[in-house]
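Please look over the sequence and the model shown here before reading on. The report is meant for a reader who is meeting this structure for the first time.

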Amino acid sequence: MSQRTRKFFGMIMLVSWVVIYAAVGMTIGAAVVANASPLAQILFFLITGLIWIVPAGLIIRWMEKQV
């Protein structure tokens, strides 16, 4: 697979991942965390706001891998 093709598929995977992750995070936040204490809300959104970086980094590393 050429690097150009890999970047194309990686971009699709990355955008899909972020959209799905954000939708799931917002759903959980609205359903469960909305009734929690302010500290629990801050911790939830801080953690969920940072966790997406790990899979995104792996996708980007895969995209940049030389063939």
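What follows describes a salt bridge, a nonpolar patch and one buried residue in this predicted model.

## The salt bridge

The structure holds one salt bridge, in which the side chains of Lys7 and Glu64 come together at 3.7 Å, taken from N to O. Because Lys7 belongs to helix H1 (residues 3-31) and Glu64 to helix H3 (residues 53-64), the pair ties together parts that are 57 residues apart in sequence.

Neither partner counts as buried: Lys7 is partly exposed, with a relative accessible area of 36%, and Glu64 is likewise partly exposed, with a relative accessible area of 40%.

## The nonpolar patch

A nonpolar patch on the surface is formed by Val18, Leu39, Leu43, Leu46, Ile47, Leu50, Ile51, Trp52 and Ile53, which together have about 820 Å² of accessible area. Helix H2 gives the most to this patch, contributing six residues.

One of the patch members is Leu43, which is found in helix H2 and counts as partly exposed at 43% relative accessibility.

## A buried residue in helix H2

Thr48 also lies in helix H2, which spans residues 38-51, but in contrast to the partly exposed Leu43, Thr48 is buried, with a relative accessible area of 17%. That value places Thr48 in the buried class because the cut-off for this class is under 20% relative accessible area.

The side chain of Thr48 reaches a backbone atom as well, namely the oxygen of Phe45, at 3.5 Å.

Key
Residues numbered from 1 in each chain as written. Predicted model: local features only at pLDDT ≥ 70, side-chain atom pairs only at ≥ 80, totals over all residues. Heavy atoms only, no water. Helix = DSSP H or I, 4+ residues; strand = E, 2+ residues; numbered from the N terminus. Buried < 20%, exposed > 50% of the residue type's maximum accessible area, 1.4 Å probe, protein only. Polar contact = N/O pair within 3.5 Å; in protein donor to acceptor, adjacent residues only side chain to side chain. Patch = residues over 30% accessible without salt bridge, like charges linked within 9 Å, V, L, I, M, F, W, Y side chains within 5 Å. Areas by Shrake-Rupley, 256 points an atom, 1.4 Å probe, with all protein chains shown as cover. Salt bridge = Lys/Arg side-chain N within 4 Å of Asp/Glu carboxyl O.
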